[in-house]
Amino acid sequence: MTQPLTLRLTRKAPRLMLGMGSLILLTLLILPFLALLPATHPLAISTYTLTLIGKILCYAIVALALDLVWGYAGLLSLGHGLFFALGGYAMGMYLMRQAAGDGLPAFMSFLSWQELPWFWAGTQYFAWALCLIVLVPGLLALLFGWFAFRSKIKGVYFSIMTQALTYAGMLLFFRNETGFGGNNGFTGFTTLLGFPITATTTRIALFLATVLLMVAALAVGIALARSKFGRVLTAVRDQENRLMFCGYDPKGFKLFVWTLSAVICGLAGALYVPQVGIINPSEMSPTNSIEAAIWVALGGRGTLVGPLLGAALVNAAKSGFTVAFPEYWLFFLGLIFILVTLFLPRGVIGLLRRRKHD
């Protein structure tokens, strides 16, 4: 059983890792306040740039959540986009109620609906929206995982099932009669907790909340990796049969980390929606979940920090290439994945290990 490279580096060079982490965190905490500077100031950044970085941070949290199940328990999920979108839809329901006031959301009025569906009850309250953000993806993951792990489904079959789950969710949310806006989804948000959602101060608050969620998710991941629970998970990944012969039941361990990962994805989706301003069924597309796996593979599976780096690199490159070469971006993405598979099987973080051996 091998421990994550991040933990080994932290133990061997704690000051270096702590210093680098503190510098990055300080930069992220200061960065949003640069949007308050006059546009002519050399350090000023636009709200567009702030929103773009905030979106990338949300994707980085998804990559970290996927690394918890793939990098530790060896469960390659191709359906994490579903949990991300469910959290986003839960937040979107609250934002749509805020925009509609005492009336119905705009898309319901367009479809000539006379009243809110029963599952929209209470969504005008932010506290209930937070409960939905956590409970909906968490309970779905718990139910799916209980049946999957009880049936001892693993490997490529587990990946196919998760991909089918997110595809089924996408088809369901595309239907207008389900009450989630159909193909267009939710958009036209105006306020969040009474504050204008497009205001710079609101954007700063959302950015800081995203940074804090990323730090909290990373702290939970490190705490799990350092615990006996984390060592059991790595045993599940490397030698599940031998672990069972030692008297452990891996189902409970896999179910816990699987559900936790889904909840983290839901929280990331909830912060993504008010920053981007839209949520629709395309976020559940299986290709989005596959792309998340590419982020983890590029950064370094089972390293905790690597997936954050991989998500940042891929999405920053995507933002640049889609402007410069919009027709060829997918070819660049495929080339990145091929090169990483051939030359960086341990991801970008794995270069540190190679340099150490050299």
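**Entry 1: terms, then Ala44**

Before placing any residue, I need to know what counts as an element: helices are DSSP runs (H or I) of at least four residues, strands are E runs of at least two, and the numbering starts from the N terminus. I also note that I'm working with a predicted model.

My opening lookup is Ala44. I find Ala44 in the loop between helix H2 (14–30) and helix H3 (47–72). Is Ala44 buried, partly exposed or exposed? Its relative accessibility is 23%, so I file Ala44 as partly exposed; the cut-off for buried is under 20%. Setting aside residues up to four places away in sequence, Ala44 touches Leu34, Leu37, Pro38 and Ala39. I also checked Ala44 against Leu31: they are 13 residues apart in sequence, and their C-alpha atoms are 9.3 Å apart in space.

**Entry 2: stepping back to the whole protein**

I wanted the overall picture next. The protein has 14 helices and four strands. Its radius of gyration is 21 Å, and the globule rule also gives 21 Å for 358 residues, so I can call the protein as compact as a globular protein of that length. Along the principal axes, the C-alpha atoms fill a box of roughly 60 × 55 × 40 Å.

How much of the protein is buried? I get 46% of the 358 residues. For the surface, I note about 17800 Å² exposed, with carbon and sulfur atoms supplying 69% of it.

I also looked at how far along the chain the contacts reach. Of the contacts between residues at least 6 apart in sequence, 78% join residues at least 24 apart.

Then charges: I have 25 positive and 11 negative side chains. The centres of those two sets lie 15 Å apart.

**Entry 3: Gly87, inside a helix**

I picked Gly87 next, which is in helix H4 (residues 80–100). At 0% relative accessibility, Gly87 goes down as buried. What does Gly87 contact, leaving aside neighbours within four places in sequence? I list Ile133, Gly266, Gly269 and Ala270. Gly138 is 51 residues from Gly87 along the chain, yet the two C-alpha atoms are separated by 9.7 Å.

**Entry 4: any disulfides?**

A disulfide is a covalent bond between the sulfur atoms of two cysteines. How many disulfides does the model have? The count comes to zero. I went to Cys58 to see why: its closest cysteine sulfur, in Cys265, is 11 Å away, too far for a bond, given that a disulfide needs sulfur atoms within 2.5 Å. Looking from the other side, I find Cys265 in no disulfide, with the sulfur of Cys58 as its nearest cysteine sulfur. Cys58 is buried, with a relative accessible area of 1%. Cys265 is buried too, at 0%.

**Entry 5: two leucines with positive phi**

Most residues other than glycine have a negative phi. That made me look for exceptions, and I noted two leucines.

Leu193 has a phi near 55 degrees, a positive value in a residue other than glycine. I place Leu193 in the loop between strand E2 (191–192) and strand E3 (195–196). Its relative accessibility of 49% makes Leu193 partly exposed, since exposed means over 50%.

Leu304 also has a positive phi, about 70 degrees, and is not a glycine. I find Leu304 in the loop between helix H11 (286–299) and helix H12. Is Leu304 buried or exposed? Buried, I write, because its relative accessibility is 0%.

**Entry 6: Phe321, in helix H12**

Helix H12 came up with Leu304 as one edge of that residue's loop, so I looked inside this helix (residues 305–324), where Phe321 is found. Phe321 comes out as partly exposed, with a relative accessibility of 26%. Which residues does Phe321 contact, once its neighbours within four places in sequence are left aside? My list reads Pro326, Trp329 and Phe332. I also checked Leu333, twelve residues from Phe321 along the chain: their C-alpha atoms are separated by 9.8 Å.

Note on methods:
Residues are numbered from 1 along each chain as its sequence is written. This is a predicted model: local features need pLDDT of at least 70, side-chain atom pairs count only at pLDDT 80 or more; totals for chains, interfaces and linings use all residues. Side-chain values use heavy atoms; hydrogens and water are left out. The radius of gyration is taken over C-alpha atoms; the globule rule is 2.2 Å times the number of residues to the power 0.38. Buried means under 20% relative accessible area, exposed over 50%, partly exposed in between (1.4 Å probe, protein chains only). Contact means heavy atoms within 4.5 Å. Accessible areas come from the Shrake-Rupley method with a 1.4 Å probe; for residues, only the protein chains shown count as cover. Lys and Arg count as positive and Asp and Glu as negative; His and the chain ends are not counted. The place of a charge is taken as NZ of Lys, CZ of Arg, CG of Asp or CD of Glu.
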